[in-house]
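Colleague: I'd like a close look at a single part of this one, the sheet and the helices packed around it. Could you walk me through that?

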Amino acid sequence: MNKIIPKRIHIIGSVGSGKTTLAKELSLKLDIPYYELDNVVWIRKESGDIRRTEQEREEYLNRIIQSESWIIEGVHNEDWVSNCFQSADLIIFLDTIYSLRTYRIIKRFLKQKLRLEKSNYKPTLKIFFKMFKWNRYFEDVGKVNFFKKYSMHKNKTEIIKDTNSIKQLFT
C-alpha cells in the first residue's frame, strides 16, 4: 500500500533543531518548494535586512500557503502563522535535545565566520548570543505555547526527536 505524501508541510522547532536542513532535504526528495519563515519576516538586502510590516508579512505568507504545495519552516507559532498550521497536511515538530541544538548553534556560527556556510544574516556575536537565548525561550515557552495553542492539529502533527524518526515518515 502506498503512503499518501503530504503536499503542504509545516516544520517547527527551535534554533538549531534541524528545520532548514530537513526542509531542504524534503524539498529535493518530494520536489516541493520550501520557504523559511525568517525570510517571510525579513526582506533580505545586501545593505541589511528590512522587517516587513505585519500586513506585508501576512500577505506574503498567505500567497505561499494558497499555492498547491509547500514546505514552510520556522520557529514562529504566533497568530500570524496560524493559517499555515491550519492549511498544512502535516506538521513536523522537531523536538531535538537542548544540548544538541546548543552544539549546532556553535558549529553553525563557526562555519559561517569561516565562510564555510552561507547565512541569510550577518553572523555577529550579538546574534550568536541571541540564538542561545532564543533556544532557551523555545524550550521553556515556545514549545509549551505551541502544544497549547495548536492542540486541535494533533492528528496531523508528528513529533520528531531524531533523524531516524524522520526517515520513517517518508519511506
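Modeller: Sure, and keep in mind that this is a predicted model. Start with the sheet: five strands, open, in the order S2-S5-S1-S6-S7, with parallel pairing. At the edges sit S2 (34-36) and S7 (157-160), each of which pairs on one side only. On average, neighbouring strands here are turned by 20° against each other, ignoring direction.

Zoom in on the S2 end. S2 pairs with S5 (residues 70-74) in the parallel sense, over three bridges. If you want a residue to click on, take Tyr-34: its bridge partner in S5 is Ile-71.

Now add the helices. H3 (residues 54-65) lies across S1 (8-13), S2 and S5, and runs at about 140° to S5. Over S1, S6 (90-94) and S7 you'll find H6 (residues 125-149), running at about 160° to S6.

H6 also has a helix partner. Its axis and that of H5 (residues 98-113) come within 11 Å and cross at roughly 165°. An angle over 145 degrees counts as roughly antiparallel, so that is how H5 runs relative to H6. The crossing of H5 past H6 is right-handed.

As for who touches whom, H5 brings Tyr-98, Arg-101, Thr-102, Ile-105, Ile-106, Arg-108 and Phe-109, while H6 answers with Leu-125, Phe-128, Met-131, Phe-132, Asn-135, Arg-136 and Glu-139. Sorted by class, this H5 and H6 contact has eight nonpolar, two polar and four charged residues.

Definitions and conventions: Residues are numbered from 1 along each chain as its sequence is written. This is a predicted model: local features need pLDDT of at least 70, side-chain atom pairs count only at pLDDT 80 or more; totals for chains, interfaces and linings use all residues. Side-chain values use heavy atoms; hydrogens and water are left out. Two strands pair if DSSP finds at least two bridges between them. Helices (H or I, at least four residues) and strands (E, at least two) are DSSP runs, numbered from the N terminus. Axes are lines fitted to C-alpha atoms, for helices over the stretch in contact, and angles run from 0 to 180 degrees between N-to-C directions. Contact means heavy atoms within 4.5 Å. Angles under 35 degrees count as roughly parallel, over 145 as roughly antiparallel, 65 to 115 as roughly perpendicular and the rest as oblique. A crossing is left-handed if the near helix is turned anticlockwise from the far one by less than a right angle, and right-handed if clockwise. Ala, Val, Leu, Ile, Met, Phe, Trp, Tyr, Cys and Pro count as nonpolar, Asp, Glu, Lys and Arg as charged, and the others, Gly among them, as polar.
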